[in-house]
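Let's take a walk through a protein fold together, one piece at a time. Keep the picture in view and find each part as we come to it.

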Amino acid sequence: MGLEWEVQVRFPSDTPVAGIELNPWVRVNYKGSYVSPPNYALQFAWYRELSTLPKCVEDYVAFQDHASRDSSMTVYGGGLNQEKHGLLNSEDLKIVKGEGKTWIQVGSSRTYTPSEDDIDSSLRLVSVAIDDMGIKMSINVFVTTPVIRLPRPYPRHMIIFCSLRKFRNPKCIATPFKEESFRVLSYNILADLYTVSGAYTHCPNWALTWEYRRRNLLNEILSYDADILCLQEVYSANEYVIDGCATFFRHDRFKIVIKYEVEYDKMALPVIEVLEPDKRNNGLFRLMKDNVALVVILEEKDNGRSPDAARSTICVANTHIHRGLDASDVRLFQVVNLIRGLEKIDSSGIPILICGDMNSLPGSDPHRFLINGEVGCFSEKFRDPLGIHKHLKLSHSMHLACAYAHLLDSNEVGQHQKEKMDYQAMEPLFTCFKPSLTGTLDYILYSKNRLKVDGLLKLLDYDSLEKRLLPSPLWSSDHVALMANFRVKHASRGVQYLSPPPDPWEQKQTN
């Protein structure tokens with residue numbers, strides 16, 4: 001008796017969503033082992049369930065089914081028979097029976113994207129392995145639950161301040177004032193590898209698949225029509241990379257002057273070397289994290305303006321700070337070292353923007369350091385078993401402010417939006433809304449002496465999240481996006497900036 005081969009098929013979820021590609025994992029092996037099969041090809045057929053049929057089609061299917069029962073059964077490797085699995089062919093109708101239902105073929109490739117016509121109907125995938133001789137080795141039939149409709153997106157409007165109010169555009173599309181102002185988005189999009197950890201059991205499995213989340217996130221991000229995108233937890237399918245940061249900008253508005261890639265673990269080595277010998281191993285464990293920052297200096301393009309017209313230069317820093325539960329010293333270390341380099345760029349006169357997931361709540365030591373320019377006394381929750389703070393410069397001269405504090409400063413913002421703010425911290429009530437934490441971890445900070453906030457993306461509340469934790473079918477990350485319109489103040493516009501240093505983070509930190 002020959003080997004019994006089997007086709008194995010797996011889906012991230014057995015609930016299809018209209019408009020979201022189905023891309024199954026398919027493998028052929030010997031039953032009960034990992035023996036490699038001989039050379040083979042795979043054939044696929046996708047079917048949609050038919051609930052009702054015209055009378056002529058019913059008669060045809062009944063005749064076809066009867067004829068197949070009278071003919072000899074064809075047996076494939078694995079003991080599966082043709083009639084049982086509905087491999088009844090009609091080039092005209094491509095209608096088969098199986099699993100007690102009637103199906104019509106809708107596709108013949110490995111992947112399939114359900115359409116509006118498929119909604120409320122189950123799908124059926126027949127996968128057949130064929131060897132070099134054209135003999136069928138095995139077959140697999142997979143039936144999904146009924147196709148569901150893509151959830152309707154929830155629009156987030158912009159709040160435009162002052163004289164720009166007449167240009168307010170609730171759909172976030174391009175507006176006339178964008179020639180002078182620019183729109184910056186910061187968003188932790190939730191790396192795909194974290195969705196399989198079992199931390200989001202509140203969310204339907206189909207809404208956690210990358211195929212669904214990719215489509216949903218892309219649609220959301222494009223709807224904001226930002227000029228600069230700062231994304232965190234951008235995952236690369238590389239065994240040496242967990243997640244990182246990605247910065248995008250409109251090439252018709254800006255050109256890149258210089259880019260810096262900041263790796264916090266490299267900055268940790270000089271500090272670890274000066275620790276007491278018995279603390280160095282622990283220092284390696286605590287400080288050698290793979291968090292990064294991506295810093296770019298952008299310059300406005302001419303775009304047809306006269307050579308004498310003022311052009312602005314801005315520095316955009318995008319970072320994701322370590323999130324360990326008992327790592328307040330690590331977060332402060334990373335934030336201080338980020339500012340150490342940005343402060344050198346700031347001294348050249350270039351306006352600074354800092355976007356990212358700081359994994360630090362309002363009032364925490366990293367947050368106070370950023371906003372107040374110093375830490376002063378440490379908070380009660382600060383833990384520093386290695387005495388790292390003694391090796392940090394815990395003050396800076398940059399004039400930083402959080403963009404969303406402007407919601408409370410402005411008389412143009414309605415009370416409904418202000419109720420989504422923490423009045424004491426002057427930050428949103430939350431930017432992260434997941435089972436393990438609800439609070440503000442994400443920020444857009446800016447040089448308040450060189451930049452002006454012209455608008456902000458409206459905040460979300462529990463009702464706009466449909467009373468669901470994140471991620472959800474509507475929102476595909478456990479964080480919410482933040483976005484602000486900025487314009488360079490006239491005093492800083494067209495200034496001849498000093499050249500930024502080749503690497504502001506190159507110099508080793510001193511005690």
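A good place to begin is a pair of strands: strand 6, covering residues 123-131, pairs with strand 7 in the antiparallel sense, and seven bridges join the two. Please keep in mind that this is a predicted model. Zoom in on the pairing and you can pick out individual partners. Ser127 stands opposite Asn140 of strand 7, while Val126 has Val141 of strand 7 as its bridge partner. How many residues lie between strand 6 and strand 7 in their hairpin? There are four, and one residue in the turn, Gly134, has a positive phi of about 85°.

Now step back from the hairpin to the sheet around it. Strands 6 and 7 belong to an open sheet of five strands in the order 4-5-3-6-7, paired in the antiparallel sense. Strand 4 (95-98) and strand 7 (136-143) are the edge strands, each pairing on one side only. If you ignore direction, neighbouring strands in this sheet are turned by 35° against each other on average. It helps to recall a general point here: strands of a sheet pair through backbone hydrogen bonds, either parallel or antiparallel.

A second open sheet comes next. This one has six strands, ordered 12-13-14-15-21-16, and its pairing is mixed. Its edges are strand 12 (254-263) and strand 16 (400-402), each of which pairs on one side only. Here the average turn between neighbouring strands, direction ignored, is 20°. Strand 12 pairs with strand 13 (residues 292-300) in the antiparallel sense over nine bridges. To find a spot in this pairing, look for Glu263, which stands opposite Val292 of strand 13.

Which helices lie across strands of this sheet? One is helix 3, which lies across strand 12, strand 13 and strand 14 (313-320) and runs at about 45° to strand 12. Another is helix 6, lying across strand 16 and strand 21 at about 120° to strand 16.

Let's follow helix 3 to its helical neighbours. The axes of helix 3 (residues 264-273) and helix 4 (residues 280-287) come within 10 Å and cross at roughly 160°. Because of that angle, helix 3 is roughly antiparallel to helix 4. The crossing of helix 3 with helix 4 is right-handed. On the helix 3 side, the contact is made by Asp265, Ala268, Val271, Ile272 and Glu273, and on the helix 4 side by Arg280, Gly283, Leu284 and Leu287. Sorted by class, the contact of helix 3 with helix 4 has five nonpolar residues, one polar residue and three charged residues.

Helix 3 also packs with helix 5, at an angle of about 100° and with the axes 10 Å apart. Helix 3 and helix 5 are therefore roughly perpendicular to each other. Here Tyr264, Met267, Ala268 and Val271 of helix 3 meet Phe333, Gln334, Asn337, Leu338 and Arg340 of helix 5. The residues in the contact of helix 3 with helix 5 are divided into six nonpolar, two polar and one charged.

From helix 5 we can move on to helix 6. Helix 5 (residues 328-346) and helix 6 (residues 365-372) pack at about 20°, with their axes 9 Å apart. Are helix 5 and helix 6 roughly parallel or roughly antiparallel? The angle makes helix 5 roughly parallel to helix 6. Helix 5 passes helix 6 in a right-handed crossing. Arg331, Leu332, Val335, Val336 and Ile339 of helix 5 meet Asp365, Pro366, Phe369 and Leu370 of helix 6. In the contact of helix 5 with helix 6, seven residues are nonpolar, none are polar and two are charged.

Our last stop is the aromatic rings. Counting rings of Phe, Tyr and Trp whose centres lie within 6.5 Å, the model has 13 aromatic pairs. In one of them, the rings of Tyr446 and Phe486 have centres 5.3 Å apart and planes at 50°, so the pair is tilted. Tyr446 sits in strand 21 (residues 442-447) and Phe486 in strand 23 (residues 482-488), so this pair ties together parts that are 40 residues apart in sequence.

Technical notes
Residues are numbered from 1 along each chain as its sequence is written. This is a predicted model: local features need pLDDT of at least 70, side-chain atom pairs count only at pLDDT 80 or more; totals for chains, interfaces and linings use all residues. Side-chain values use heavy atoms; hydrogens and water are left out. Axes are lines fitted to C-alpha atoms, for helices over the stretch in contact, and angles run from 0 to 180 degrees between N-to-C directions. Angles under 35 degrees count as roughly parallel, over 145 as roughly antiparallel, 65 to 115 as roughly perpendicular and the rest as oblique. A crossing is left-handed if the near helix is turned anticlockwise from the far one by less than a right angle, and right-handed if clockwise. Contact means heavy atoms within 4.5 Å. Ala, Val, Leu, Ile, Met, Phe, Trp, Tyr, Cys and Pro count as nonpolar, Asp, Glu, Lys and Arg as charged, and the others, Gly among them, as polar. Two strands pair if DSSP finds at least two bridges between them. Rings of Phe, Tyr and Trp (its six-membered ring) pair if their centres lie within 6.5 Å; planes under 30 degrees apart count as stacked, over 60 as edge-to-face and the rest as tilted.
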